[in-house]
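Here's a quick tour for anyone new to reading protein models. Keep the picture open and follow along as we go from the overall make-up to the details.

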Amino acid sequence: MPTRMVYVRRAAQVVTAAGASLRPKRGAEMSELGIIEGGSVITRDDRILFAGPDEEAQRVLAAAPEDAEVEVLEAEGKLVTPGLIDPHTHVVFAGSREFELPLRLKGAAYMDILKAGGGILYTAEQTRAAEEDLLAAETRRRLDRFLLHGVTTVEAKSGYGLRLEDELKQLRTARRLNAEHPVELVSTFMGAHAVPPEYKGDPEAYVRLVIEEMIPAVAEAGLAEFCDVFCEEGVFTPEQSRRILEAGLARGLKPKLHADEIVPYGGAELAAAVGAVTADHLLQASGEGIAAMARRGVIAVLLPGTAFFLRKPPADARRMISAGVPVALATDRNPGSSPTESLPLIMNLACLGMGMTPEEVLAACTINAAHAVGRASRIGSIEAGKQADLVLFDAPNVTYLQYHFGVNLVDTVIKRGVCVVRDGRRAGA
Ligand SMILES: N=CN[C@@H](CCC(=O)O)C(=O)O
Ligand SMILES: [Zn+2]
């Protein structure tokens, strides 16, 4: 096999996000992106070989093996970033819930729809009924859209099966798509996403099922890396959430938590107490909870698209960054509270709606997001030796991405050294 190389020549800016593979960026570090003005990047097979000034790139190319096939991508006027990483999605599901939108516009609350048996429970019905091939086909279309928006890795939660066979079906679907599709999937078991109707009268029995049967089966099959719980009033209590996360941890599933989304519920505090990798949502997180997260190094995964779609004020990102909490951003792609694959739109909402700077936003969607999915040693920055996941944007600088908001500026996407999007369209599909 000849050596395959891509030479991304003379970009307006290369955002490397380098130097934070061991621990996520926090505070002022989130503004330091290691930008190379006028820089070039060279990939070799599935790895990054070089990132730096173009004169040096030419010397590196001159020393390339004779059989190397070099593809040259002119990047003049473009912004090059690491492949974007989405660390919180529920992308594997069947159906959609657009009919809830008019209800919410008339005043129905998200949680009331769930309590009435709709919401997550409606999607669980659809997902249970779907054959695995159909589930894969629906999810594949969403992954295609992610890729067109520059997203090269997504975390994917189960939680619409709510019984063992269908939780496993969702996780198997994620594993299959991870093998088939250019977008890389990181699986999270979230059997504790809602109490299914058959356990309505006895939620504690469902918690036992999650702990005693689902977690062991998922761990045994090696189908997930993380375990997550919807810790929320009327769903799972902090005490139940703690037991589930500890049971997951005992089986090697690292904890994540849907925390303090609708009401303040001690979620941020719990995430810190169990040493969760991330606490997500945090719209209602307390000051003590944020301080505890900072002390324990828990990453805040903020989801401004969800706040926007549910028409709620977003999380207090500035307070978290000032407190020293590492922040990442995600779409929360799901059919009920955030039906979008546009991580760039989420970035716009983070900047314009939460006051994060363009630099902080990029750190949050690259290296910090890589930490949030436990992959920072391999992805999230442009450094020699890391996986060759890159995005070229039609933007001359980092600020422009937030300024020219609401449109897709992605020109080219490279995943593992292969061009999978060109001129904004899927290539080689
Ligand atoms: N809040 C809980 N779970 C999802 C929503 C899932 C759904 O509505 O289907 C979330 O993170 O927003
Ligand atoms: Zn979620």
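Over residues 79–417, the chain is 44% helix and 17% strand, and the C-alpha atoms at the two ends of that stretch sit 18 Å apart. Bear in mind that this is a predicted model. The UniProt record, an unreviewed entry, labels residues 79–417 "domain: Amidohydrolase-related".

**An open sheet of four strands**

- Let's start with an open sheet of 4 strands, which line up in the order β5-β4-β1-β6 with mixed pairing.
- Why do β5 (47–53) and β6 (69–74) each have one side without a neighbour in the sheet? They stand at the edges with a single partner strand each, so there's nothing in the sheet on the other side.
- On average, neighbouring strands here are turned by 15 degrees against each other, if you ignore direction.
- Strand β1 (residues 4–9) runs parallel to β6, and 6 bridges join the two.
- To see that pairing up close, find V8, which stands opposite L73 in β6.
- Now look for helix α1 (residues 54–62), which lies across β1, β4 (39–44), β5 and β6. Its direction is at about 140 degrees to β5.

**Strand β9 and its partners**

- Next up is strand β9 (residues 151–157), where 7 of 7 residues are buried.
- One partner of β9 is strand β8 (residues 84–86), paired with it in the parallel sense over 3 bridges. Within that pairing, I85 has T153 of β9 as its bridge partner.
- Strand β10 (residues 184–192) also pairs with β9 in the parallel sense, this time over 5 bridges. Here V154 is matched with L185 in β10.
- What holds paired strands together in general? Strands of a sheet pair through backbone hydrogen bonds, in either a parallel or an antiparallel way.

**Strands β13 and β14**

- Strand β13 (residues 278–281) pairs with β14 in the parallel sense over 3 bridges. The bridge partner of D280 is V301 in β14.
- Which way do the residues of strand β14 (residues 299–302) point? I299 and V301 point one way, while A300 and L302 point the other way, and all are buried.

**The annotated binding site**

- UniProt's unreviewed entry marks H88, H90, H258 and D332 as "binding site". These residues are spread over 245 residues of sequence, yet they cluster in space, with a largest C-alpha distance of 12.1 Å.
- You'll find H90 in the loop between β8 and α2 (100–105). Is H90 buried or exposed? H90 counts as buried because it has 26 C-beta neighbours inside 10 Å.
- Beyond its neighbours within four places in sequence, H90 is in contact with K157, G159, R333 and N334.
- D332 belongs to the loop between β15 (327–329) and α13 (343–354). With 30 C-beta neighbours inside 10 Å, D332 counts as buried.
- If you again leave aside neighbours within four places in sequence, the contacts of D332 include H88, another residue of the annotated site. T89, L303, G305, T306, S337 and S338 are in contact with D332 as well.

**Around ligand 1**

- How many residues surround ligand 1? There are 13, and the closest are I120, F230, N334, G336 and S337.
- Sorted by type, the shell around ligand 1 has 3 nonpolar, 8 polar and 2 charged residues.
- Two names here should ring a bell: N334 is in contact with H90, and S337 is in contact with D332.

Methods. Residues are numbered from 1 along each chain as its sequence is written. Chains are lettered from A and ligands numbered from 1 in the order in which they are written. This is a predicted model: local features need pLDDT of at least 70, side-chain atom pairs count only at pLDDT 80 or more; totals for chains, interfaces and linings use all residues. UniProt positions are given in the numbering used here, feature names are shortened, and annotations may be inferred rather than shown by experiment. Two strands pair if DSSP finds at least two bridges between them. Axes are lines fitted to C-alpha atoms, for helices over the stretch in contact, and angles run from 0 to 180 degrees between N-to-C directions. Two residues are in contact if their C-beta atoms, placed from the backbone, lie within 7 Å. A residue is buried if 20 or more other C-beta atoms lie within 10 Å of its own, exposed if 12 or fewer, and partly exposed in between; C-beta atoms are placed from the backbone. A residue is near a molecule or strand if its C-beta atom, placed from the backbone, lies within 6 Å of it. Ala, Val, Leu, Ile, Met, Phe, Trp, Tyr, Cys and Pro count as nonpolar, Asp, Glu, Lys and Arg as charged, and the others, Gly among them, as polar.
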